[in-house]
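Let's take a relaxed walk through a protein model. Have a look at the picture, then read on.

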Amino acid sequence: MHAVAPRVVLVTGVSRYFAAQVAARLAADPRIDRVVGVDETEPTGVAASLLTAVDYRRADISSPGIARLVTDAAVDTVLHLAVVAGPTGAGGRDAMKELNVIGTLQLLAACQHAPTVRRLVVRSSTAAYGASPRDPAIFTEQTALRAMPRGGYAKDVVEIEGYVRGFRRRRPDTAVTVLRFAPFVGSRADTTLTRYFSLPVVPTVLGHDPRIQFVHADDAVEVTCRAACEDHPGDFNVAGPGVLLLSQAVRRAGRVPWPMPDPAMTTVAQLARRSGLVDFSLDQLDFLVHGRVVDVRRLIDDFDYSPRSTPEAFDDFIAGHGMGAPVHAGGLDEAERLLRAGGRAVLSGLRSMLEAKGNRR
């Protein structure tokens with residue numbers, strides 16, 4: 001491990017809370033001269049308050065102009081954290097892919113032609129392994145992808161990692177770290193999955209009780225900052241050791257499980273999306289059916305750091321969101337309403353499927 005702190009760091013995606021936290025931590029490090037934060041969206045709220053010591057630049061990383069910024073600022077360390085898990089804004093999936101894939105391509109091209117860049121850290125996800133009945137019990141960093149994932153985000157991270165491998169070949173002098181994060185939880189975490197476990201009634205798939213893993217958001221920040229200040233070339237799974245069964249997580253959160261047939265889960269996910277409760281993606285649906293567990297021994301050995309366990313991280317999420325107690329009377333009323341609405345939606349969806357099959361005969 002080469003532990004020479006950077007002088008000038010570029011952090012992408014700083015309008016989002018995670019990247020803003022990382023940028024703020026690095027800006028407070030006396031060994032670092034300057035932290036440049038980049039995003040095409042102006043930071044607001046808590047993210048903006050974190051960036052007071054960060055040199056914020058409004059820029060689109062998917063445009064060629066990012067190369068000029070990297071060169072002019074003499075950046076030596078790049079943290080590419082602007083990889084989003086779901087469509088944002090009016091552009092939907094197209095805008096998401098533009099940022100994730102095209103943005104990564106442009107940033108890698110900028111780094112390739114900038115002689116000062118000697119360290120690159122890329123945010124990825126354990127979603128890159130997919131989720132299917134054919135999965136191994138535990139994924140290691142060397143586990144090959146068995147089938148292309150269904151969801152857009154997982155497809156994006158697979159494509160991004162392919163481009164990063166090409167960059168490694170072209171710039172062997174640059175230490176490249178890929179961090180495959182498990183889903184974030186924690187007292188302040190606000191994600192699709194934390195909103196899922198906050199529902200008064202938690203839909204699950206009948207006959208499936210998958211093993212799941214999380215990483216505490218504070219541990220994710222710590223690992224990312226270490227990757228910025230030390231050379232850790234290679235790919236690393238970043239997750240809390242240990243696992244929870246989905247049923248255990250639901251019980252710990254004090255929620256009411258709602259088992260349903262596999263085909264009905266998609267209908268309920270669409271209902272939840274239309275209701276503004278949870279915006280499920282195909283990646284997350286597959287995760288909740290099949291689960292995913294990764295080996296974190298390489299991270300612990302190489303970084304000399306062990307994230308808190310998955311049960312501990314999930315318990316902190318529960319405590320921070322005031323959960324864990326049985327659902328109160330008002331929550332039960334809401335649960336009953338959702339069950340009735342969900343039941344009608346499921347029946348309607350199944351009826352449409354049967355009618356479509358009948359029309360094809």
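Is Phe181 buried or exposed? Phe181 is buried, because its relative accessible area is 3%; buried means under 20%, exposed over 50% and partly exposed in between, using a 1.4 Å probe and protein chains only.

## Ground rules

This is a predicted model, where local features need pLDDT of at least 70 and side-chain atom pairs count only at pLDDT 80 or more, while totals for chains, interfaces and linings use all residues. Residues are numbered from 1 along each chain as its sequence is written, and side-chain values use heavy atoms, with hydrogens and water left out.

## Rings that pair up

A pair of aromatic rings is described by the distance of the centres and the angle of the planes. Here, rings of Phe, Tyr and Trp (its six-membered ring) pair if their centres lie within 6.5 Å; planes under 30 degrees apart are stacked, over 60 edge-to-face, and the rest tilted. Searching the whole structure turns up 10 aromatic pairs. In one of them, Phe181 meets Phe184 edge-to-face, at 5.5 Å centre to centre with 85 degrees between the planes. Phe184 is buried too, with a relative accessible area of 11%.

Tyr196 and Phe197 also make a pair: their ring centres are 4.9 Å apart and their planes sit at 75 degrees, so this one is edge-to-face. Tyr196 is buried at 0% relative accessibility, and Phe197 is buried at 1%. These two belong to one aromatic cluster with Phe214, Phe314 and Phe317.

Phe236 has a charged partner: the charged end of Arg298 sits over its ring, 4.6 Å from the centre. (That label needs NZ of Lys or CZ of Arg within 6 Å of the ring centre and within 35 degrees of the ring normal.)

## The whole chain

The protein chain has 13 helices and 13 strands. These are DSSP runs numbered from the N terminus: helices are H or I with at least four residues, strands E with at least two. Of the chain's 361 residues, 53% are buried.

Now for contacts, meaning heavy atoms within 4.5 Å. Among those between residues at least 6 apart in sequence, 81% join residues at least 24 apart.
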